[in-house]
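Here's a quick briefing to read with the model open in your viewer. Take a look at the fold, then work through the notes underneath.

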Amino acid sequence: MTFAQRKQERRALMKHLLEQDWDVFGTLKFVNGRTLGRNTADKLLRSYWNRVDRVFFGHAADRQNMRVPRWCFAHEGSDSENFHLHFLLKSPVADTKHACCVLNAVWAQHHEQTGPIAKNWIMPVKDRWEVANYATREYWRMGADTQLLDISWDRGYPDAMRAYEHEQQALRINKAASPIWMQQAQAAYADYWARYSSEGITALAERGKAPSH
């Protein structure tokens, strides 16, 4: 496939993404994305998203196929060996900041190989075009393989998600992300939000202060 073809496909992908309903951008890292192995990484990501769905929606995740709407992208870094994940997501709760912190805390506790809280980067979107551009930036090299369709979910119904914001959901969240872990996630959120607000996604990445490449 030529560069021109991939450029055209990427443009179409970005157009599609910008037509979808999402308000969170995130990066999930591993303790060592260079040595983990793609097969293990795929299993951890799949089990993580299944857990996220169950945390927010309980039994409805399995019985009614309630899922958090998300679009996931694999990145490998400039040397094609530093595997990590970027995702666009519709917050499953009205408090988007809270959702970001829960997502980070759950990932950090998920497995001994999943990245610690300070290494991940999950927050509300300020500029949708910038985020879509960043998430698809490796399309030129990876092509369609950068899209992780198996763990993405674009059939969500945001209005329906609000019906699950009740005491049982709060209890599930507290069980999955204890107050201590949430405090750490909130501290990381405050730090990265300040950097994101002042410098933007790309500037942070280029300075090596965001968990990207």
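The notes below cover the sheet, a helix pair and one loop residue.

Keep in mind that this is a predicted model. At its heart for this briefing is an open sheet of 4 strands, ordered β2-β3-β1-β4 with antiparallel pairing. We'll also look at how α1 meets α5 and where Arg34 sits.

**The sheet**
- β2 (70-75) and β4 (121-124) are the edge strands, each pairing on one side only.
- On average, neighbouring strands are turned by 15° against each other, ignoring direction.
- β1 pairs with β3 (residues 84-89) in the antiparallel sense, over 5 bridges.
- If you want a pair to click on, try Thr27, whose bridge partner in β3 is His86.
- Helix α4 (residues 96-110) packs on this sheet and touches β1, β3 and β4. The direction of α4 makes about 165° with that of β4.

**The α1/α5 pair**
- The axes of α1 (residues 3-18) and α5 (residues 128-135) come within 10 Å and cross at roughly 135°, so α1 counts as oblique to α5.
- The crossing of α1 and α5 is right-handed.
- On the α1 side, the contact uses Arg10, Met14, Leu17 and Leu18; they meet Arg128, Trp129, Ala132 and Asn133 of α5.
- Sorted by class, that contact has 5 nonpolar, 1 polar and 2 charged residues.

**Arg34 in its loop**
- Arg34 lies in the loop between β1 (24-28) and α2 (38-57).
- Arg34 counts as partly exposed because its relative accessibility is 45%, which falls between the 20% and 50% cut-offs.
- Arg34 and His84 are 50 residues apart in sequence, yet their C-alpha atoms are 9.3 Å apart in space.

Notes. Residues are numbered from 1 along each chain as its sequence is written. This is a predicted model: local features need pLDDT of at least 70, side-chain atom pairs count only at pLDDT 80 or more; totals for chains, interfaces and linings use all residues. Side-chain values use heavy atoms; hydrogens and water are left out. Axes are lines fitted to C-alpha atoms, for helices over the stretch in contact, and angles run from 0 to 180 degrees between N-to-C directions. Helices (H or I, at least four residues) and strands (E, at least two) are DSSP runs, numbered from the N terminus. Angles under 35 degrees count as roughly parallel, over 145 as roughly antiparallel, 65 to 115 as roughly perpendicular and the rest as oblique. A crossing is left-handed if the near helix is turned anticlockwise from the far one by less than a right angle, and right-handed if clockwise. Contact means heavy atoms within 4.5 Å. Ala, Val, Leu, Ile, Met, Phe, Trp, Tyr, Cys and Pro count as nonpolar, Asp, Glu, Lys and Arg as charged, and the others, Gly among them, as polar. Buried means under 20% relative accessible area, exposed over 50%, partly exposed in between (1.4 Å probe, protein chains only). Two strands pair if DSSP finds at least two bridges between them.
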